[in-house]
Amino acid sequence: QFNTAALDSDDYKQRLTHIVQTKHPMNFKAILGLCGAIVFLVCVTNYIDSVNGNDAPQWQHPLENYRISSPFRNVSKIRYYKPHQGVDYVAPYGSAISAAADGVVVIGDAQTLHPNFGNAVIIQHKGGYQTLYAHLAIIDVTPGQWVHAGERIGIIGDTGKTTGVHLHLEVMRHEQRLNPSVVF
């Protein structure tokens, strides 16, 4: 997974930061090994960045036929008047959801994120980008799996807290939410 051009040094630093911030106690040998791994990965990812550049992913929309039911930053009573962090796309139940760009699946379950998201997938892309797909009826990928843009990752559904069948999609870069409608 680490010798791919789809992720850059910022992506690996973010992943390693999450590993280091684990709440499990670590002994001295584990810490020393982790430090060695970090040095090695920084060197490898710097080399990859120098060869491949640090461009944004090649995006494609994760649904074929859809309509927008709630745009980015929309404020409504349903979300207690908080701005919407993504875009909600309505499509028929059972429509395939595709990866928006090449990347590594980081989350693929209904337990890791807030229960409101239901079945959710997060994919880490190059350039510090992540995409979140929520409310899936079925998840077809597992954490650690490499996916290509356009590859099916699940089926649209209404798991979690919803008002009907839809895909909630968020695009993040370095933990800042971006408007998916602008990205695609």
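The exercises below deal with strand pairing and burial in a predicted model.

**Exercise 1.** Work out which strands pair with strand E5 (residues 119-124), and in which sense.

*Solution.* Begin with strand E4 (residues 103-109), which pairs with E5 in the antiparallel sense over 5 bridges; within this pairing, valine 104 has glutamine 124 of E5 as its bridge partner. Then turn to strand E6 (residues 129-136), which runs antiparallel to E5 and is joined to it by 6 bridges, and here valine 121 is partnered by tyrosine 133 of E6. Finally, look at the connection: E5 and E6 form a hairpin with 4 residues between them, and glycine 127 in the turn has a positive phi of about 75 degrees.

**Exercise 2.** Decide whether the residues of E5 are buried or exposed, taking each side of the strand in turn.

*Solution.* Asn119, Val121 and Ile123 point one way from E5 and are buried. Ala120, Ile122 and Gln124 point the other way, and these residues are buried too. Buried here means under 20% relative accessible area. Because 6 of the 6 residues of E5 are buried, the strand is largely enclosed by the rest of the structure.

**Exercise 3.** Establish the strand order of the open sheet of 3 strands, and identify its edge strands.

*Solution.* The order is E3-E9-E7, with antiparallel pairing. Strand E3 (96-98) and strand E7 (138-139) are the edge strands, since each pairs on one side only. For the pairing of E7 with strand E9 (residues 152-155), count 2 bridges between antiparallel strands, with isoleucine 138 having isoleucine 155 of E9 as its bridge partner.

Definitions and conventions: Residues numbered from 1 in each chain as written. Predicted model: local features only at pLDDT ≥ 70, side-chain atom pairs only at ≥ 80, totals over all residues. Heavy atoms only, no water. Pairing = 2+ DSSP bridges. Buried < 20%, exposed > 50% of the residue type's maximum accessible area, 1.4 Å probe, protein only.
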